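This report introduces a protein structure to a reader who has not met it before. The sequence and the model are shown first, and the description follows.

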Amino acid sequence: HMLANLHTEVARIKWGVAVADESHNIGTGNKQQEARLTQAVMSALKSVPRVVLMTGTPSLSRPFDLFNQVDILRPGLIG
């Protein structure tokens with residue numbers, strides 16, 4: 001994923017709005033590539049005042065898989 005490679009540069013930009021498509025890929029797993037992507041997305045979006053997360057994938061089977069998406073939208077809401 002391009003964001004994983006460019007996350008430092010992207011995080012430095014002062015964005016007003018960010019739209020993340022395929023947000024179900026912001027996972028909570030331990031796979032190295034997945035963790036790298038999640039860390040890059042979380043880093044890039046943490047200072048953006050308005051974030052839109054989009055996905056066409058139905059809710060995952062484990063509610064914990066939604067943790068990072070909720071944390072992006074409302075940091076600290078669920079832990």
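## A loop residue with an unusual backbone angle

Glu22 sits in the loop that joins β1 (17-20) to α2. Although Glu22 is not a glycine, its phi is positive, at about 60°. Most residues other than glycine have a negative phi. Glu22 has a relative accessible area of 40%, so it is classed as partly exposed.

## Confidence of the model

The structure is a predicted model. The average pLDDT of the protein is 83, and 92% of the residues reach a score of at least 70. Confidence varies along the chain: the lowest mean, 77, belongs to α1, while the highest, 94, belongs to strand β2 (residues 50-53). Where pLDDT is low, the predicted coordinates should not be read in detail.

## The pairing of helices α1 and α2

How do the axes of helix α1 and helix α2 cross? Helix α1 spans residues 2-12 and helix α2 spans residues 32-45; their axes come within 9 Å and cross at roughly 20°. Because angles under 35 degrees count as roughly parallel, α1 is roughly parallel to α2. The crossing of the two helices is left-handed.

On the α1 side, the contact is formed by Leu3, Ala4, Asn5, His7, Val10 and Ala11. These residues meet Arg36, Leu37, Ala40, Val41, Ser43 and Ala44 of α2. By character, the residues of this contact comprise eight nonpolar, three polar and one charged.

## Two buried residues of α2 that face α1

Leu37 belongs to helix α2 and is among the residues that meet α1. Its relative accessibility is 11%, so Leu37 counts as buried. Leu37 and Ala4 are 33 residues apart along the chain, yet their C-alpha atoms are separated by 5.1 Å.

Ala44 also lies in helix α2. With a relative accessibility of 5%, Ala44 counts as buried. When neighbours within four places in sequence are left aside, Ala44 is in contact with Leu3, Val10 and Ala11, and these three residues are among those of α1 that meet α2. Between Ala44 and Val17 the C-alpha distance is 11 Å, with 27 residues separating the pair in sequence.

## Thr38 and its link to helix α3

Is Thr38, a residue of helix α2, buried or exposed? Thr38 counts as buried, because its relative accessibility is 9%. Apart from neighbours within four places in sequence, its contacts are Asn25, Ile26, Gly27 and Asn68.

Asn68 is located in helix α3 (residues 67-73). At 10% relative accessibility, Asn68 likewise counts as buried. Thr38 is one of the residues that Asn68 touches; the others are Ile26, Gly27, Thr28 and Met42, with residues up to four places away in sequence not counted. The C-alpha atoms of Asn68 and Thr38 are 8.2 Å apart in space, and the two residues are 30 residues apart in sequence. Ile26 and Gly27 are in contact with Thr38 and are also touched by Asn68.

## Ala18 in strand β1

Which residues does Ala18 touch, not counting residues up to four places away in sequence? Ala18, in strand β1, touches Leu45, Val48, Arg50, Val51 and Val52. Of these, Arg50, Val51 and Val52 fall within the residue range of strand β2, 50-53, and Leu45 falls within that of helix α2, 32-45.

The relative accessible area of Ala18 is 12%, and Ala18 is therefore buried. Its C-alpha atom is separated by 8.5 Å from that of Leu53, a residue 35 residues away along the chain.

How values were computed. Residues are numbered from 1 along each chain as its sequence is written. This is a predicted model: local features need pLDDT of at least 70, side-chain atom pairs count only at pLDDT 80 or more; totals for chains, interfaces and linings use all residues. Side-chain values use heavy atoms; hydrogens and water are left out. Axes are lines fitted to C-alpha atoms, for helices over the stretch in contact, and angles run from 0 to 180 degrees between N-to-C directions. Helices (H or I, at least four residues) and strands (E, at least two) are DSSP runs, numbered from the N terminus. Angles under 35 degrees count as roughly parallel, over 145 as roughly antiparallel, 65 to 115 as roughly perpendicular and the rest as oblique. A crossing is left-handed if the near helix is turned anticlockwise from the far one by less than a right angle, and right-handed if clockwise. Contact means heavy atoms within 4.5 Å. Ala, Val, Leu, Ile, Met, Phe, Trp, Tyr, Cys and Pro count as nonpolar, Asp, Glu, Lys and Arg as charged, and the others, Gly among them, as polar. pLDDT is the predictor's confidence in each residue, from 0 to 100. Buried means under 20% relative accessible area, exposed over 50%, partly exposed in between (1.4 Å probe, protein chains only).
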